[in-house]
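Welcome! Please take a moment with the sequence and the 3D view before reading on; the tour below goes place by place.

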Amino acid sequence: MLSLDILVALTAYALVMTITPGPNNILLFASGLAFGLRRTVWHMAGILLGVLLQIGLVGVGLGVLLTREPAVQVVLKLVGSIYMLWLTRKLWGTREWQTMETARPIRFHEAAVFQFVNPKAWLMATTVIAAFVPPGEHYAERVLIAGLVFTAVALPCICLWAGSGGALRVWIQDPVVLWKVNRAMAVLAAATVILFWL
């Protein structure tokens, strides 16, 4: 359904977009650090499902609405910014393992829904459809294949971020060091909010 050239280009695009820092990867690293890789699995699954749904929705025409209605984009950025700042506040305030252990990781449905207010996720979904899914016969199948390829490439990338946080968790036992790492992650998360508006 998709030519080899398109599949190679789509794979390269998916790799670049999902391995680089962004709201999802920062939150996954922080979750791996706070809860370990195993407890972050549902967070990762929610991200993948949310992005797959976005690609499908853009494929059936939602992308046209986003490009034609700037107000919709502003609302998405605003809601995404508020949510990221709320998560940043939680990261900033986490000082001790006890606090982290009584907290909980982001749930599956929360991670999936977050994609719909994540501007980077919308950019990825829109680009996948516009650049890698040619119109014509069997269009729906091509949209599905593109979405599956994108999420298949994304899976090891997001696992790397969550796993890196989980690996670092083993080495951080000093509450002061943990506090500093959480503050650094909070600053990075806040920086992504600034990027939403650039």
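## A walk through the chain

Let us start at Ala162, which lies in helix H8. Helices here are DSSP runs of H or I with at least four residues, strands are runs of E with at least two, and both are numbered from the N terminus. This is a predicted model, in which local features need pLDDT of at least 70 and side-chain atom pairs count only at pLDDT 80 or more, while totals for chains, interfaces and linings use all residues. Residues are numbered from 1 along each chain as its sequence is written, and side-chain values use heavy atoms, with hydrogens and water left out.

Is Ala162 buried or exposed? Ala162 is buried, because its relative accessible area is 0%; buried means under 20%, exposed over 50%, and partly exposed in between, using a 1.4 Å probe and protein chains only. Setting aside residues up to four places away in sequence, Ala162 touches Leu28, Phe29, Gly32, Leu37, Thr40 and Met44, where contact means heavy atoms within 4.5 Å. Ala162 and Asn25 are 137 residues apart in sequence, yet their C-alpha atoms are 7.5 Å apart in space.

### The chain as a whole

The chain has nine helices and zero strands. Of its 198 residues, 44% are buried. Take the contacts between residues at least 6 apart in sequence: 85% of them join residues at least 24 apart.

### The nonpolar core

A nonpolar core is a set of buried Ala, Val, Leu, Ile, Met, Phe, Trp, Tyr and Cys residues joined through side-chain atoms within 4.5 Å. The largest one here has 49 residues, and those with the most contacts inside it are Leu10, Tyr13, Leu28, Ile55, Val128 and Phe150. Elements giving two or more residues to this core include H1, helix H2 (23-35), helix H3 (41-68) and helix H4 (70-93). H8 gives the most, with nine residues. In soluble globular proteins, nonpolar side chains tend to be buried together.

Leu10 shows some of these links: beyond its neighbours within four places in sequence, Leu10 is in contact with Val128, Phe132, Ala146, Val149 and Phe150.

### Aromatic rings

Rings of Phe, Tyr and Trp (its six-membered ring) pair if their centres lie within 6.5 Å; planes under 30 degrees apart count as stacked, over 60 as edge-to-face and the rest as tilted. By this rule there are four aromatic pairs. Two of them are set out here.

| Pair | Distance between centres | Angle between planes | Kind |
|---|---|---|---|
| Tyr13 and Phe132 | 5.6 Å | 45 degrees | tilted |
| Phe116 and Trp122 | 5.7 Å | 75 degrees | edge-to-face |

The pair of Tyr13 and Phe132 links distant parts of the chain, with Tyr13 in helix H1 (residues 4-19) and Phe132 in helix H7, 119 residues apart. Both Tyr13 and Phe132 are buried. Together with Phe150, they form one aromatic cluster. In the other pair, Phe116 is partly exposed at 23% relative accessible area, whereas Trp122 is buried at 8%.

### A buried glutamine

Gln115 sits in the loop between helix H6 (108-114) and helix H7 (119-132). With 0% relative accessibility, Gln115 counts as buried. A polar atom of its side chain lies 2.8 Å from the backbone oxygen of Ala111. That is a polar contact: a pair of N or O atoms within 3.5 Å, where, within protein, one must be able to donate a hydrogen and the other to accept it, and residues adjacent in sequence count only if both atoms are side-chain atoms. Leaving aside neighbours within four places in sequence, the contacts of Gln115 include Asn24, Ile47, Gly50 and Trp122.

### Around the start of H8

Which side chain of opposite charge is nearest to Arg142? The answer is Glu141, 6.8 Å away, and Arg142 is buried yet has no salt bridge. A salt bridge is a side-chain nitrogen of Lys or Arg within 4 Å of a carboxyl oxygen of Asp or Glu; Lys and Arg count as positive and Asp and Glu as negative, while His and the chain ends are not counted. Arg142 is in helix H8, and its side chain reaches the backbone oxygen of Gly136 at 3.4 Å.

His138 is found in the loop between H7 and H8. Its phi is near 65 degrees, a positive value in a residue other than glycine. Most residues other than glycine have a negative phi. At 36% relative accessibility, His138 counts as partly exposed.
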